[in-house]
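Got the viewer open? Here is a short tour, stop by stop, with something to select each time.

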Amino acid sequence: MPAASGFRAMAGRGVEAQVDGATVAVGGPVLLRERGVPISDGSPTAVSGWEDRGAAVLHVIRDHVIVGSLALEDQVRDESRAAVEALHRRGVKVAMITGDAKQVAKAVAADLGIDEVFAEVLPEDKDSAVMDLQQRGHIVAMVGDGVNDAPALARADVGIAIGAGTDVAIESAGIVLASDDPRGAVSVQLLSRSSYRKMVQNLWWSAGYNLAAIPLAAGVLAWAGFVLPMAVGAIAMSLLGSLPPARRAARLNIIDAVSVE
């Protein structure tokens, strides 16, 4: 095999090097478009079959001519399928932003039941995809792990970084998952909703107690001979926080926050 020199990586496009005096590049559809190389130069029938089954197709280009193609196919993780299904059960729409070819992205999206796909997206355009969703009125939670995901994570209403990802992604996100399990995003949503429910519950309990106890302690019924002693009010507040319904609600919230159905 001849040695390569002048190797360089092109983010979101592919790689390039000099081999035997010729320029050889390996990349996907974005690289082909940028260099004006028609896919018909290769083997469109075989490539089409690869893409239909969800494989990512890379082309080997030698001096602006396709001399070969290869397919890379990842197996969809069961955890990813479970995460999408769990989010759908909770009324959350799922979008995928990827640099893969449209046919590949659509095949994976159909397999997982993903609602919307942004395919053939360059690294610098992921931020624009998130902005597009926001401009349509969606509240966006972005999950990512790479350097290229950092701008989108910062742009999103909630940025969720995979704990095993790059430092840049972790610094750009507001939430960092401890593992690479995508179901962690479901737990984040459950924790958020449970915390919000608890906050509302506490506000109602507090408002109800204060609306009743403060006027009584201030002597609003003094004319009838009744004034609520401050000590009694303090004891009532402590007892209110330990009522069985409150304890049950708190326990259910914790269970919801750490489990994934």
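Does Asp-181, at 18% relative accessibility, count as buried or exposed? Select it and see: Asp-181 counts as buried, because its 18% falls under the 20% cut-off. Keep in mind as you go that this is a predicted model.

**Stop 1: around Asp-181.** Add Arg-183 to the selection. Arg-183 and Asp-181 form a salt bridge, with the closest N and O atoms 2.8 Å apart. Unlike its buried partner, Arg-183 is partly exposed, with a relative accessible area of 31%. While you're looking at charged pairs, pick Arg-8, Glu-16 and Arg-35 too: salt bridges with shared partners link these three into one network.

**Zoom out for a moment.** Colour by secondary structure and you'll have ten helices and ten strands to look at. The protein has 261 residues, and 33% of them count as buried. Switch on the surface: the accessible area is about 15300 Å², and carbon and sulfur atoms account for 60% of that.

**Stop 2: a run of strands.** Select residues 14-19 (strand β2) and 22-27 (strand β3), which pair in the antiparallel sense over six bridges. The hairpin has two residues between the strands, and one to click on is Asp-20, which takes a positive phi near 55°. Right by the turn, Val-19 has Ala-22 of β3 as its bridge partner. Now add residues 56-62, strand β4, which pairs with β3, again in the antiparallel sense, over four bridges. To find your way along this pairing, pick Val-26 and its bridge partner in β4, Val-60.

**Stop 3: helix α4.** Select residues 102-112 and show side chains. Which residues of α4 are buried? They are Val-104, Ala-105, Ala-109 and Leu-112. These four cover an arc of only 130° around the axis, so they sit on the same side of α4. Spin the helix to the face turned away from that buried side, and you'll meet the exposed residues Lys-106 and Ala-110. Just after α4 comes Gly-113, with a positive phi of about 80°.

**Stop 4: salt bridges between separate parts.** The structure holds twelve salt bridges. Stay on α4 for one of them: the side chain of Asp-111 meets that of Arg-81 at 3.2 Å, N to O. Arg-81 lies in helix α3 (residues 78-89) and Asp-111 in helix α4, so this pair ties together parts that are 30 residues apart in sequence. Both ends are partly exposed: Arg-81 has a relative accessible area of 25%, and Asp-111 is at 42%.

Next, select Lys-126 and Asp-149, whose side chains meet in a salt bridge of 2.8 Å, N to O. Lys-126 lies in helix α5 and Asp-149 in the loop between β8 and α6, so this pair ties together parts 23 residues apart in sequence. Here both partners are buried.

**Stop 5: a nonpolar patch.** Back to the surface view: select Val-220, Leu-221, Trp-223 and Phe-226, which make a nonpolar surface patch of about 440 Å². Phe-226 lies in the loop between α8 and α9 and is partly exposed at 39% relative accessible area. Then pick Leu-216, found in helix α8 and partly exposed at 22%. Leu-216 and Phe-226 are ten residues apart along the chain, and their C-alpha atoms are separated by 7.9 Å. What is Leu-216 in contact with, leaving aside its neighbours within four places in sequence? Light up Leu-221, Phe-226, Val-227 and Leu-228 to see the set.

Technical notes: Residues are numbered from 1 along each chain as its sequence is written. This is a predicted model: local features need pLDDT of at least 70, side-chain atom pairs count only at pLDDT 80 or more; totals for chains, interfaces and linings use all residues. Side-chain values use heavy atoms; hydrogens and water are left out. Two strands pair if DSSP finds at least two bridges between them. Buried means under 20% relative accessible area, exposed over 50%, partly exposed in between (1.4 Å probe, protein chains only). The arc is that of the directions from the helix axis to the C-beta atoms. Accessible areas come from the Shrake-Rupley method with a 1.4 Å probe; for residues, only the protein chains shown count as cover. Patches are made of residues with over 30% relative accessible area and no salt bridge: like charges are joined within 9 Å, nonpolar side chains (Val, Leu, Ile, Met, Phe, Trp, Tyr) within 5 Å. A salt bridge is a side-chain nitrogen of Lys or Arg within 4 Å of a carboxyl oxygen of Asp or Glu. Contact means heavy atoms within 4.5 Å.
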